[in-house]
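Reader: I've got this one open in front of me and I'd like a close look at a single part, the main nonpolar core. Could you walk me through what builds it and how it sits in the rest of the chain?

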Amino acid sequence: MKKEDKIQIIDSLTEQINASNHFYLADTSGMNAEATSTLRRACFEKQVKMIVVKNTLLRSALVKAEVECDGLTEILKGATSLMLSEVGNVPAKLIKEFSKGKDLPALKGAFVEGAVYIGAGELDTLVAIKSKEELIGDIIAALQSPIQKVISALENGKGEDTEEIVSE
């Protein structure tokens, strides 16, 4: 590969890493063609971009990127797939779903919500991270619950019971 081509790939990877809020590094090397194709299709459906890249090029892109992802360059050994996503836990869920009963794909590391996670042992933690939309939904549900209780009490209450709730 020519040096110009390598520079272009590194620049493209750097740009994609900077544009993405979250990225995962996974080992998909031992997966057969059918399993890899199924994983790629699932990634596409969940709006996760999956790129198989050479470790040397990815290492250079991570060093050049504007994100603080110390520790991830050291785990770049063997085949590596870069998974880019706007939602932090989606790639983790995909990796977990596809690795049931198998060793691959395996999580090498991830950069999610400004934090670095290294090793397959972090997969359950990453699956549990809530997306921005999920957190907003939880907040809205928490705020609606007391209001719904008051409205329900007002609708069901009569006479003095209603006046007590309003005065509290």
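Author: Sure, let's start right in the middle. In this predicted model, the largest nonpolar core is made of 22 residues, and Tyr24, Met83 and Leu126 have the most contacts inside it. Several elements chip in with at least two residues each: strands E1 (22–27) and E4 (106–112), plus helices H2 (33–45), H4 (90–98) and H5 (123–128). The top contributor is H4, which gives five residues.

Now zoom in on Leu126. Setting aside residues up to four places away in sequence, Leu126 touches Tyr24, Asn89, Ala92, Leu107, Ala110, Val112 and Tyr117. So much for this core; there's also a second, separate one of 20 residues, with Ile10, Ile17, Cys69 and Ile75 among its members. As a general point, nonpolar side chains in soluble globular proteins tend to be buried together.

Back to H4, since not every residue there is tucked away. Take Lys96, which is found in that helix. Lys96 counts as partly exposed because its relative accessibility is 34%, between the 20% limit for buried and the 50% limit for exposed. Beyond its neighbours within four places in sequence, Lys96 is in contact with Leu123, Asp124 and Val127. Check Ala106 too: Lys96 and Ala106 are 10 residues apart in sequence, and their C-alpha atoms are 8.4 Å apart.

Now pull back to the whole chain. You'll count seven helices and five strands, and from the N terminus the order reads α-β-α-β-α-β-α-β-β-α-α-α. Of the contacts between residues at least 6 apart in sequence, 76% join residues at least 24 apart.

As for overall shape, the C-alpha trace spans about 85 × 35 × 25 Å along its principal axes. The radius of gyration is 23 Å, whereas a compact globule of 168 residues would come in near 15 Å. Across those 168 residues, 38% count as buried.

Last stop, the surface. The chain exposes about 10,400 Å², with carbon and sulfur atoms supplying 54% of that. On the charge side, there are 20 positive and 26 negative side chains, and the centres of the two sets lie 12 Å apart.

Definitions and conventions: Residues are numbered from 1 along each chain as its sequence is written. This is a predicted model: local features need pLDDT of at least 70, side-chain atom pairs count only at pLDDT 80 or more; totals for chains, interfaces and linings use all residues. Side-chain values use heavy atoms; hydrogens and water are left out. A nonpolar core is a set of buried Ala, Val, Leu, Ile, Met, Phe, Trp, Tyr and Cys residues joined through side-chain atoms within 4.5 Å. Buried means under 20% relative accessible area, exposed over 50%, partly exposed in between (1.4 Å probe, protein chains only). Helices (H or I, at least four residues) and strands (E, at least two) are DSSP runs, numbered from the N terminus. Contact means heavy atoms within 4.5 Å. The radius of gyration is taken over C-alpha atoms; the globule rule is 2.2 Å times the number of residues to the power 0.38. Accessible areas come from the Shrake-Rupley method with a 1.4 Å probe; for residues, only the protein chains shown count as cover. Lys and Arg count as positive and Asp and Glu as negative; His and the chain ends are not counted. The place of a charge is taken as NZ of Lys, CZ of Arg, CG of Asp or CD of Glu.
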